[in-house]
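User: I have some questions about how the terms are applied here. Please set each value against its definition.

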Amino acid sequence: MDFAQDIEVYSLIAFWAFITIALMYLFSRTPMGRMANAVRDNDERTEFVGYSQRKVRFISFCASGFFAGIAGGLFAINFEIVTEENLNALTSGVVLLMAYIGGVGFFIGPIVGAVLFTLLQTLLSIYTEIWQLYVGVLFVLTVMYVPQGLTGILAMHIPIYQINRLGSLVVPYIRTGIPLAFCLAGVVGFLEMIHHVRAASVGDTEMSLIGIGFDTHTVMPWIIVAVLVAVGGYFTKTQLPQLKEAWERAHAPLGSDEGAA
Amino acid sequence: MTSAIKLTGVRKSFGPTEIIRGVDLDIRQGERHAIIGPNGAGKSTLFHLVSGRYNLSAGSVELNGEDISNLPPYEIYRKGLSRSFQVTNIFPRMSVFENVRCGLMWSQEYKYSFWHLVDREKKLNHRTAEVLEEIGLTSRQHVPAGVLTYAEQRALEIGIAAAGGADVIMLDEPTAGMSHSETDQAIALIRKITDGKTLVMVEHDMGVVFDVADRISVLVYGEIIATDTPENIRNNKAVQEAYLGAEAEHA
Ligand SMILES: Nc1ncnc2c1ncn2[C@@H]1O[C@H](COP(=O)(O)OP(=O)(O)O)[C@@H](O)[C@H]1O
Ligand SMILES: [Mg+2]
């Protein structure tokens, strides 16, 4: 396929993507869309305000099939091939994973999740063979600690932004972020080394991380990552109380906090 | 005049236990009817049977002269019967405004439409705002219903039930767990919102019952032992023994 054709395909897909996103948003603002929300929230009660939850679910299912159908058509145009692989449980699972990482409770959540997932897939896979592990861990952590997803984390900052207090969180975030970054770097280094030791061919003990070459069969690299994890983890922990306090202060009702703080 | 609700020989069993044991009840159009009885007598079960949440084991239920036995709840609602729940049953993650609007949508003929955008439907939103005003939740309309106080949730529960303008409204213990002043407010709200309609309510507060009800039915152990005016119920020996007496001893 030549370049001009690529651009055409891209324009076609982008056009339909925007149209369908707009349609989905509008759908969520119709009586039907609102009742779909109501059924999700409390399916039993919808029956006592006149709506059959089964019919609401049925129509929602048809609508999602409609949009999935468009997506499938565009996929086929883009890749010019559709196989069992595009329909199997793994692919369906990946879509769910994107939605959860992004945040299922928000309209843009799945979009954010899909963009992030694709970025991770294309960028991370250049640097590491175990990118799927990182995405998997991200998914598990999201489900365990932020069920609202990444969009949810962003959304939590909106009220703080609205009362102009976002600035008060910058320093606490940096203070927690630096040791956390060291800790994560240690964890990543550890995982990469383990993977290298297990996956590399016999006798190949040389590996490089961020441009530094070393021998995985010597002790020093292992000590370095262990220290990174331990020290980074320790300092992250010491910084958590001030972060929590800053967070609570940012949420305190207007006018009541300044004196107390 | 046809009755608003007419129960004939209604029975309900869960497995081997019969909870409702042959209930005949005639609720007149436009009356305020209270159902009282000890805990576990089957009052909520009776509500569930009339409103379609449970199927009948035997007997029949009529609404305005039409047989509604074993219809699903949404069909019964569309025929003009709306109810609230003893255990608050709202849409916790949707805003208070949206909760009320959900209670209105069917009656405003939107059905399953995906041709209208709810935010642009002036009449729908105007009516929603009116109901919010009536139940006193205008200032709370944007918060998720799940974060309302208990009393506010109870008001919303009534609001959702009454929003659609059904002509028969059933309220299951609307004031349970409320303080005195909250109860007074709730009763004023119930009077206002059910004006000119048929009201059936389960209520434990005897002050409220004798104040609000035109007639009272006493349900004891799955059977109605008396249906009468408040005065006659108060003086009814059987009722005193079975219920009011026990209540007085209790107090
Ligand atoms: N779904 C059910 N399955 C089994 N038993 C039930 C069910 N619902 C209610 N009961 C029983 O029926 C009896 C009456 O309950 P209920 O109607 O809630 O009483 P009331 O509202 O008068 O306090 C209780 O003994 C209760 O345990
Ligand atoms: Mg009950």
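User: What makes six residues of domain 2 of chain A count as in contact with domain 3 of chain A?

Analyst: Contact means heavy atoms within 4.5 Å. In this predicted model, six residues of domain 2 of chain A meet that rule with six residues of domain 3 of chain A. The model is predicted, so local features need pLDDT of at least 70 and side-chain atom pairs count only at pLDDT 80 or more, while totals for chains, interfaces and linings use all residues. Residues are numbered from 1 along each chain as its sequence is written, chains are lettered from A in the order in which they are written, and side-chain values use heavy atoms, without hydrogens and water.

User: How do you know what area is buried between domain 2 of chain A and domain 3 of chain A?

Analyst: Buried area is the accessible area (1.4 Å probe) that two parts lose on being put together, summed over both. For these two domains that comes to about 510 Å², with 63% on carbon and sulfur atoms. Ile130(A), Tyr134(A) and Met156(A) supply 70% of the area that domain 2 of chain A buries there, more than any other three residues.

User: Why is the salt bridge count between domain 2 of chain A and domain 3 of chain A given as zero?

Analyst: A salt bridge needs a side-chain nitrogen of Lys or Arg within 4 Å of a carboxyl oxygen of Asp or Glu. The count between the two domains is zero, because no pair across them meets that rule.
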